[in-house]
Structures are given as C-alpha cells and as structure tokens.
Amino acid sequence: MKKLLLILFTIHCSCVPAVASEQSSSALFTLANPVDELLERIDKGASAKFKTQLVKSDKDFFELDQRGTKVVVRGNTWVNIASGVNWYLKYYAGIHLSWNQMQAKLPAVLPAVKQKERHETDLTLRYDFNYCTFSYSMAFWDWKRWEQEIDWMALHGVNLPLAIVGEECVWRNMLLKLGYTEEEIGQFIAGPAFLAWWEMNNLEGWGGPLPLSWYARQEKLQKQILARMRQLGMHPVLPGYSGMVPHDAKARLGLNVADAGLWNGFQRPANLLPTDPRFAEIAKLYFDELTKLFGKADYYSMDPFHESNDDASIDYAKAGEAMMQAMKRVNPKAVWVIQGWTENPRPQMVDGMKAGDLLVLDLFSECRPMFGIPSIWKREEGYKQHYWLFCLLENFGANVGLHGRMDQLLDNFYGTDSSLFTLHSSLRKGIGFTMEGSENNPVMFELMSELPWRPEKFKKEDWVRQYVKARYGVEDPLIERAWLLLARTIYNCPAGNNQQGPHESIFCGRPSLNNFQASSWSKMKNYYDPYSTLEAAMMMNSVAEKYRGNNNFEYDLVDITRQALADQARLQYQRTIADYKAFAINEFESDYRRFLLMLLMQDKLLGTRSEFRLGHWTQAAIACGTTPEEQRLYEWNARVQITTWGNRYCADTGGLRDYAHKEWQGLLKDFYYPRWEAYFNALSDQMKAQQKPQPDLLGGGPNASKTAAELFQMALPQEVTLDYYALEEPWTLRQNPYTATPEGSPVDVAREVMDLLTNH
C-alpha cells in the first residue's frame, strides 16, 4: 500500500510544473502549515502555544478564540491567519513585531482570549512595495533578510506583493537571444542600487555592468522568495513587458521605436512602438524567459511611459492593447497592475480595457488621491471602470525622519465626502504599501495595515493609546503623552501640504545661506513646531532608565531624540546664518561650532542602533560580492545612491544629489560634516577678509572702476560658492570600512543629547 501511494505521489508531482501558478502551488502546500513555521521563527516553540485553523469562507476573515491553554486563530487564508496572530500578539500579549524587532520571547502561558473576536473585510487585495523600495531598501538583501520581510508581510495582511527580484536575469537571457553581447547587456542593465529606475524605463547602465555571479545570485534568491510567498498563499506580482528596449534598438535591431530622451540627465531606454510588427514577438520572448525562470503569475506589473511627457508618435490606446494582449497570451486570467502616478495610467491607454483586467495602485492616497477626494491629482471620474487600491506612500528615498498624515489617512480611507467617495469606493479592492523606502515609521504602517479590518472610522488618539501599549508591552502615562503629542504634530501633516516624505534634516543638505530642504523634490513646507519633538523627546528620556533593554522602546527613543536634535539643529543653523548676516564674527564662530557639535552628537546617537548605522547598508553590499572587484562595485553603488546619486551632471544639473540622503552614523561624520565644515570655514574666511583694507580700491585696483551700485551690491552678504561634487565624489570611491555593530547605550547617549539641547 505504501509503495502504491508513493507511486501515485510521484506521478502527481511529475505533472506539476517546476514553478506553478499561484492557485496550483497554493494547493500543493495545504499539507504544511506555514503560519506554524512563521511562529517558530518568531520564538522557538511558539507554534505549540497556538492552534491555527484554515477554514473555507467566501469572506476574508480572521478569528481569535481559546481552547484550553492554546490560543486559536482561524482564517480563510494563511495570510489572514497570520494577520490574526499579529492582532493577538499586539492586543493580548503586548508584543509588537516590526522591522526593528521580528523576534520576541512569548510568555510561557499566553494570555487567554476570553471572548471570541472576529474581523472581516471586503478589501481582499493587500499589496506591498514600490519599484523604488527594491533599490532604496532591498538592493543588497540576502535570503535571511527577505525571509524576515515575508514574515512581516504575512503578519500585516499582505497577499499581493510586487516580486521583481531577478528581473535583470530575464532581460539578460532575452537580450542574448536577440543578439546582444554580454558587454552590450552590461551597458544597458543598471547596477544593483539603481535597478529600480532601469526597470521603470528611466535610465540605462548606470552602476553596472553587473558581474555574471550577480545574475546567478538573484535568480536563486527570487526562486526562494517566490516559493515562500506561494507557500503562504500570496499572489506575487511579476514584472511584465511594457515595450522597453535599449535606446539603440532602432539601429541595432531595426525596430520602430520612440526615443524617450533623458531622465534627470540619464539616457532613457527607448519605447518599442506597438505598431511595430515585432512587438508581439519580443513581448513573447520576454514572457517566455520570465516563465522559464520564475513561472506564471495571476498579476503582472507594467508601468509604461513612467514620468515622461506625452509623445505624439505613440498611439497610447494601441500600446495598452498590445501590452494587455501579450500578458493575456501567458495567462488569460492575469490582471495588469499599474501605478497611479502623475500622468499614469493615461486615460487613452486604459479607457478601452475591460473591467477586471486592470488594477490601479493609487500610489499616494494619503496625500494626493486621484479617486475623487479633493487633491492636486484629482481625476473627476477616478479610474472609471477599473479596480484600484488605496495606497500609503509615506516615504520617499528611504529618508530618515518621523512623518505621517494620520488625519488625512483616516479621512481619505473612510471618505470625507460621501457622494464623491461612494462613486469610486465600490471599485476599491484593497490597500497597498507603496513606500519608496522601508524600515521606517512603523507606527504609520501598523495603522495602515489595520484599516481593512476596522469597518468604522475611529479616533487616532484612541488607536495611538493602543499602539503604545502594544509597542512597549506596558502602559505608561508619559510615553502615552509623548506619542499623543507626536500624533497631533509631526505625525499629522495636514491636507494641502504636499511634501514628499519627512521633514528633511538640515544636516543632510548641501550648505547655503538659505538651506531648507536637502533634496530637489521634497516640496517641504513647515507644519509642526520644532519644540513639539523636543518636548516628546524629553518625556521619552525621562522614563528611559525604566525601559532600558526594551528593544522597541530603545529604537523609538533614538528615533524621537534624533528628530528633536535635527529640528533644534535647524534653529541653530538659522542663528548661525543670522550671525553671519549681522557680521557678528565672534557669535558666528561660536554658533557654527555648536552646529557642528550637534551634527557629531547625532552621529554618536545613531551609532547606538544598527538600523541607523551606515555599516548595515555598506556591509550588506560588500557581502554580495564574490571577488574584490565585485565588492568594490557594490560598495560604490551603495555609497553613490545615498549621496550624489549620479555623475556630476546628474547630481548637479539633474538635481538627484541627496535625494536618498540618510541620517546614519558614519555618513553624518564622514560625508555631511566635511561639507558643513568647509562651508562655515569659507564664510568665516570671507568675514575676516572683509575686516582688512581693500588695496585695489585704495590703489586703483580692478574694483576702483566699479559703479556705486556695483560697490553697494558687493557690500551685501555674498554666498560662498563651493564645488560640492568635488568634495562628495572622493567619498563615494573610498573603501574605508563601516560596521553595523552598535556602539554605546541608546539610553545613555540619548541623555547626552538632551543635556546638550537643554543646557544651552
């Protein structure tokens, strides 16, 4: 009998593709319990304390119950069960799992569920990731880090994750079959820290060429990622084909293409026109290679013509039709996932498509929704017949900083104008996390993850009180007051303020007499009193000794104290510039030295947590290399992305420099400090020179012939012009080591910071 069963099992397995579609692969894993495995990764032995039950239901739900000493978690999918586990850990056990803490010690006997608790939702699709996340946060992740992220996704309800790791492997195979050489492919595909913008048709080759070992690494990694996602019943969104070809494809392959021009100084790939008779052939070649490596999918992501002006040479309706047909040939039931961002999706491209074939990610729903609620990107008819997801963007460039739009998020999600909201809410199928950078502001992602399970609008203050108790496992009035203050101020960016991500640290900007935002695109606008973050930091520090060793508390203590120091440094900068403009030389010298001291203190504070150390980024990059040459390439990628971003032209004229700036230990001391020191020294030298007699005026020098108006202009404070790129590029080429190992106590160093801020 056993032999017969073995034969039948072997026959069954031989009929299953190596990488099956989501539905078939999900069935294969029903004998296993992936949530039990997840629990074991949280805490060894944890699965024995729970009973997880997969129950058929037409409604997405999870349910908490009790059976003896075991907590029962039921749900209709493994992801929903994982969501229930997370809900229990937070609101019953006082255990909050997030990026800074994905493991915890569970009590020997879990707190009982005294009354059955059930949560349901109609928002069945819960998406994760922006293309940018794969470069700004995940560029150098290994399987161990990815395993933690997939656990985070399951616990937070994600069942529709973007899965584009290894897309470069597909393109390499495809281009080889089209006759491109390895060298030519290396000039087209970007380096590891810039793959996202190559994938979005923004640039070619920058950061490359990729070594062959990279392709092998990423192919293996993507297969591990997909296997785990499918085991949990998730539906990975694979990258589809949207017509991108190398910019030389017209000359090289004789294709009919539209030249996409430049993107912030970078050469863009070309767009293969849908009328070209070879469009279907090349799209098929792409999907064949994709399927061969990673299997088929029920969802494919395609974002054609991303961040580009309309091109009269492109028939957008035919382009959309050609892309949809190419995808449907692979899987007739597949859905096209597209980002709702600036001009995309262009109405003329998608208006003729059937309902259900397109899923639009409303990428910035908490600030600039397109679905009818008033916004600068408002579309009167929303996405018309197409399904869409309400998404939280939250972070740009993986910048470090406290930030959120709590009121806006709740108002936009639950609807502030019922008539406008109802018009489009029936087509809303779920939510999405679409951050450019991950591993920051866990409070906002926790809030967002719970919205599908909370049918009625609630007060943010009530939710924050629950969050604080879950986050730290304690109830403390001072901590609660600190967080309620933050929720009213820095975490409550108001409607009408369209800034992209957190208030940028003054430390990270290229110095000038009018420094405000660090990057070119942030659209910063003041909306909170900088003393509010200082007050919150003071409250957190006042109880810090009591919670020494509480991992979540120490992470937040550092982050909140960091924010307070950055905000006070902005005021210190203003005082320093006022000294300069008033020609108060002694005060200027004293104030700029204090500013530099604050910068170095920030570096020391951040060094107490590995998450805020440059070494956790550069070490991961170096670890990807198999040779010294590869390690140098990957470390250079890592350093350039967070500083100059591109070459001199792209950094300065293109405006990309400091877009991905970071308040990280090591980067502050070795990159930002020298810029500020050089600037202040130049201002100081200028002031001292102005105290001396001007010999050219006395002796008939070149200034003696200037007009009165010109001499008057010379008397005004003059901006110092430094060649910042010349200061910055050498750092990107260095290989001085940085470690991810924390140094010092978060509690002790945070106290030093508060002493500096309050004793001046």
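Let me start with the open sheet, in which three strands follow the order β8-β12-β9 and the pairing is antiparallel; please keep in mind throughout that this is a predicted model. The edge strands of this sheet are β8, at residues 244-245, and β9, at residues 257-258, and each of these pairs on one side only. If we look at how β9 is held to strand β12, which covers residues 270-272, we find two bridges between these antiparallel strands. To see one such partnership on your screen, go to Ala258, whose bridge partner in β12 is Asn271.

Now I would like to turn to a single residue, Arg126, which belongs to strand β5, a strand made of residues 125-128. Is Arg126 buried or exposed? Its relative accessibility is 2%, and because anything under 20% is classed as buried, Arg126 counts as buried.

Which backbone oxygen does the side chain of Arg126 reach at 2.8 Å? That one belongs to Gly157, and the side chain of Arg126 also reaches the backbone oxygen of Leu123, at 3.0 Å. Leaving aside residues up to four places away in sequence, Arg126 touches a list of residues that includes Asp60, Val79, Asn80 and Thr121, then Gly157, Val158, Asn159 and Leu160, and also Ile431, Pro452 and Trp453. Gly157 therefore appears in both descriptions, as a residue that Arg126 touches and as the owner of a backbone oxygen that the Arg126 side chain reaches.Let us move on to the pockets, beginning with the largest pocket, which has a volume of about 910 Å³. Its lining is made up of 37 residues, and those that lie nearest the centre are Arg145, Glu439, Ser610, Glu611 and His616. Three helices, α6 (143-155), α21 (551-582) and α23 (615-623), each supply at least two residues of this lining. Which helix gives the most to the lining of the largest pocket? The answer is α23, with five residues. As for the character of that lining, it divides into 15 nonpolar, 13 polar and nine charged residues.

Finally, the second largest pocket holds about 530 Å³ of space. Here 26 residues form the lining, and Glu307, Trp341, Gln500, Trp521 and Tyr659 are the ones that lie nearest the centre of the second largest pocket. When the residues of this second lining are sorted in the same manner, they come out as 15 nonpolar, seven polar and four charged.

Notes
Residues numbered from 1 in each chain as written. Predicted model: local features only at pLDDT ≥ 70, side-chain atom pairs only at ≥ 80, totals over all residues. Heavy atoms only, no water. Helix = DSSP H or I, 4+ residues; strand = E, 2+ residues; numbered from the N terminus. Buried < 20%, exposed > 50% of the residue type's maximum accessible area, 1.4 Å probe, protein only. Polar contact = N/O pair within 3.5 Å; in protein donor to acceptor, adjacent residues only side chain to side chain. Contact = heavy atoms within 4.5 Å. Pairing = 2+ DSSP bridges. 1 Å grid on protein atoms, 1.4 Å probe; cavity = no way out; pocket = protein on both sides within 12 Å on 5 of 7 lines; lining within 4 Å. Points joined across faces, edges and corners; volume = space filled by probe spheres on them. Nonpolar A, V, L, I, M, F, W, Y, C, P; charged D, E, K, R; others polar.
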